[in-house]
Amino acid sequence: MQTAKPASWYGRNNSNIAIEERYRLLIDAVHDYAIFMLEPTGCVASWNQGAQRIKGYTPDEIVGQHFSLFYTAEDIADGRPARLLDAAMRRGRVEDEGWRVRKDGSRFWANVIITAVYDEHAALVGFAKITRDLTERRRLDELERAHMTSALVQHARENEQKRLARELHDDLGQRLVALKMALARHQTELLETSTEAHSAHLPSLGEISAQIDELTVSVRRIAADLRPLLLDDFGLEAALESMAHDFEHRHGVTVQCDLDPHMPQLDEPASTALFRVAQEALTNIARHARAHTVTLGLTGHGAIIRLKIRDDGTGFDTHAAARPDAFGLTGMRERMLQLGGTLSIESAPGAGTAIVAELRLPAAQRVRLTEPRA
Ligand SMILES: Nc1ncnc2c1ncn2[C@@H]1O[C@H](COP(=O)(O)OP(=O)(O)OP(=O)(O)O)[C@@H](O)[C@H]1O
Ligand SMILES: [Mg+2]
């Protein structure tokens, strides 16, 4: 076999046996990689500890068996093992990534390098194969991708809601105002030129006017639920106060707002995430808590921004299995995690609920703590 060995390998004992023994020991000591040789036919010729650990076979069980045993049925049907050996022969080396099968039938995601080995007469003596188990790394990559996708989807949704809220407010809202003014003009004209026939229409005009008022309130509410324009125009504190005020009005539950007057200015992702957490917490209180009083606190001490929503309602068992179709609490936690923050839920039956969302300000934003607010 033609292998260039560094001088340090020869040491004091210069015999080939000693060298081969050192190689064997070295290869056996490697636990994280399966390192083994294949005959030119593709049958396993040697086996190291790493190979046993990753694939599950002892040397006795595997030496002499064809290496296609490590491939999935689909890959075998597709001729992948033979194709890889062929590519290694043509190019000297081939790298591949894909599913491989352990002795117990379970699959792992493998990175494989196959190198063709030739003797001094350029005759093929076999293939050196190095396999790494990348299952865990792949799982982490997938998790990271899922997080990124979910953040992108949320961002796109938030933008779409912002666009819809603006259109509802600026377009439909303005048209309703114009309609109401036109109607008021008609009412005045009718009153001024009132004949008996005309006067008969006045009550129905009054009804239409009242309906336009209701429609205006509904449009504002739908727009605010989609995305409160206050959040973009005046910041988180204003949006929270307005939402709390609306909540009191709609549900008859007292909301005490305790908002730190020295809050640093937050960037859009942070203020949107905190607003959405408060919005879902209040929605949950309205739907599940039967509470009398809610306190909504926002503090910005040092580098930590803390939002706390506490209610004195029914509370619930936080250890009970979540309903598969319940996304509110999961969504809150996901939003916080995406920004490197945390969400904790304190609740017990009969003891009310407290939701605490915390974000750590990045260093660049922390500087603004000392600057006057815009
Ligand atoms: N403030 C609260 N008081 C009492 N129970 C609550 C409160 N907040 C949440 N819960 C309980 O926790 C469960 C999960 O809440 P979550 O917001 O995840 O789902 P949901 O509100 O049921 O549905 P959705 O997906 O529409 O939000 C609720 O079904 C309810 O039983
Ligand atoms: Mg909910």
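Reader: At 39% or another relative accessibility, how does Arg-107 count: buried, partly exposed or exposed?
Author: Buried means under 20% relative accessible area and exposed over 50%, with partly exposed in between (1.4 Å probe, protein chains only). Arg-107 has 39% relative accessibility, so the residue counts as partly exposed. This is a predicted model in which local features need pLDDT of at least 70, side-chain atom pairs count only at pLDDT 80 or more, and totals for chains, interfaces and linings use all residues. Residues are numbered from 1 along each chain as its sequence is written, chains are lettered from A and ligands numbered from 1 in the order in which they are written, and side-chain values use heavy atoms, leaving out hydrogens and water. The class of Arg-107 is partly exposed.

Reader: Which residue forms a salt bridge with Arg-107?
Author: A salt bridge is a side-chain nitrogen of Lys or Arg within 4 Å of a carboxyl oxygen of Asp or Glu. For Arg-107 the closest N and O atoms are 3.2 Å apart, and the partner is Glu-74.

Reader: Where in the chain do Glu-74 and Arg-107 lie?
Author: Helices (H or I, at least four residues) and strands (E, at least two) are DSSP runs, numbered from the N terminus. The pair is 33 residues apart and links distant parts of the chain: Glu-74 is in helix H4 (residues 73-77), Arg-107 in strand E3 (residues 107-118).

Reader: Which residues are the protein donors of the magnesium ion (ligand 2)?
Author: Donors are N, O and S atoms within 2.8 Å of the metal (3.2 Å for Na, K and Ca); water is not among the atoms, so sites may look incomplete. The protein donors lie 2.0 to 2.1 Å from the ion and are Glu-280 (OE) and Asn-284 (OD1).
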